[in-house]
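Visitor: Please walk me through this fold and its ligand site. I will ask short questions.

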Amino acid sequence: MDNRVVAIDGPAGAGKSTIARLLADRIKYTYIDSGAMYRALTLKVLDSSINIADTKEIIEISKEVDIDFMDKCIYLDGKVVDKQIREERINKNVSIIAAIPDVRKNIVRIQRRISIGKNVVMDGRDVGTVIFPNAFIKFFITASLEERAMRRCAEIEASGMSVDLQDIKCQIEKRDYTDSTREDSPLMQAEDAILIDTSGKSIEEVLQVVINFINLRGGDINAI
Ligand code: CDP
């Protein structure tokens with residue numbers, strides 16, 4: 001049997017990565033967080049002396065950077081950077097870096113390479129449209145801006161930090177705007193993707209909907 005890809009795309013804070021992780025565990029596929037790779041590159045750029053507006057230098061870094069995603073952890077130059085890539089400074093800059101076409105070319109190459117020979121659940125913005133247009137099944141997961149912002153706030157508060165809902169809402173809106181309006185691989189629903197609005201739904205409910213669609217497609221997923 002060919003290797004299979006389950007593609008999960010959608011805007012910021014829609015719950016993609018939570019669903020993708022749980023799904024991968026249930027169906028015994030490998031989970032890959034494509035956004036974590038853009039975040040890792042952003043971390044490298046911000047920690048170097050390069051100016052965020054220096055597109056040429058950023059492209060150079062994206063050519064040489066050592067980024068990997070293994071056992072649900074993101075590696076930058078051999079070190080696990082899961083915590084660092086979630087910092088505020090990364091949230092604020094990642095979309096700017098992810099909009100550079102030559103950067104995308106280099107990161108997409110890594111994303112495809114680490115998926116070779118595996119059954120994969122990958123979440124992001126362009127998994128079903130660009131990285132794996134022939135994915136076995138594609139989902140586009142979304143939720144209202146209000147709910148996405150509230151979820152993000154709850155996540156941040158759970159880690160012991162205080163946060164302002166309005167700030168988070170603005171930040172998410174801004175990132176979605178940058179991601180949806182960029183010329184290369186904008187955030188959009190693939191024609192053949194299944195749209196799921198998770199507003200008002202629990203994680204388990206969404207997961208069940210996803211699994212049902214996979215079964216309907218003849219997913220041959222015996223772990224379910
Ligand atoms: O978790 P959240 O939805 O907030 O974001 P993420 O998946 O960690 O992605 C962070 C950023 O990386 C996005 O806002 C995009 O700018 C970029 N990204 C992308 O361009 N293409 C992907 N396949 C995944 C992420």
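Guide: A helix is a DSSP run of H or I with at least four residues, a strand a run of E with at least two, both numbered from the N terminus. This is a predicted model: local features need pLDDT of at least 70 and side-chain atom pairs 80 or more, while totals for chains, interfaces and linings use all residues. Residues count from 1 along each chain as its sequence is written, and side-chain values use heavy atoms, without hydrogens and water.

Visitor: How many helices and strands does the protein chain have?
Guide: Take the secondary structure of the whole protein chain. The totals are nine helices and eight strands.

Visitor: What radius of gyration does the protein chain have?
Guide: The C-alpha trace spans about 50 × 40 × 30 Å along its principal axes. The globule rule, over C-alpha atoms, is 2.2 Å times the number of residues to the power 0.38. For 224 residues a compact globule would come near 17 Å, and the protein chain agrees, with 17 Å.

Visitor: In what order do the strands of the parallel sheet run?
Guide: Strands pair if DSSP finds at least two bridges between them. Strand 1 (residues 5-9) and strand 6 (residues 120-124) pair over five bridges, with V6 opposite V121. Five strands form this open sheet, in the order 2-6-1-7-8.

Visitor: Which strands stand at the edges of that sheet, and why is one side of each left without a neighbour?
Guide: Neighbouring strands here are turned by 20 degrees against each other on average, direction ignored. An edge strand has a single partner strand, so one side has no neighbour in the sheet. The edges are strand 2 (30-33) and strand 8 (194-197).

Visitor: At what angle does helix 2 run to strand 2?
Guide: Axes are lines fitted to C-alpha atoms, for helices over the stretch in contact (heavy atoms within 4.5 Å), and angles between N-to-C directions run from 0 to 180 degrees. Helix 2 (residues 34-47) also lies across strand 3 and strand 4, at about 35 degrees to strand 4. It lies across strand 2 and strand 6 too, and its angle to strand 2 is about 40 degrees.

Visitor: Which residue in strand 4 is the bridge partner of F69?
Guide: Strands 3, 4 and 5 form an open antiparallel sheet in the order 3-4-5. Four bridges join strand 3 to strand 4 (residues 73-76). The partner of F69 is I74.

Visitor: How much of the ligand's accessible area does the protein cover?
Guide: The ligand is surrounded by 19 residues (a heavy atom within 4 Å), with R39, R104, D126, R175 and D179 the closest. Polar contacts (N or O pairs within 3.5 Å) reach ligand oxygen atoms from the side chains of R39 at 2.6 Å, R175 at 2.8 Å and R152 at 3.0 Å. By the Shrake-Rupley method with a 1.4 Å probe, of the 540 Å² that the ligand has on its own, the protein covers 98%.

Conventions
Polar contact = N/O pair within 3.5 Å; in protein donor to acceptor, adjacent residues only side chain to side chain.
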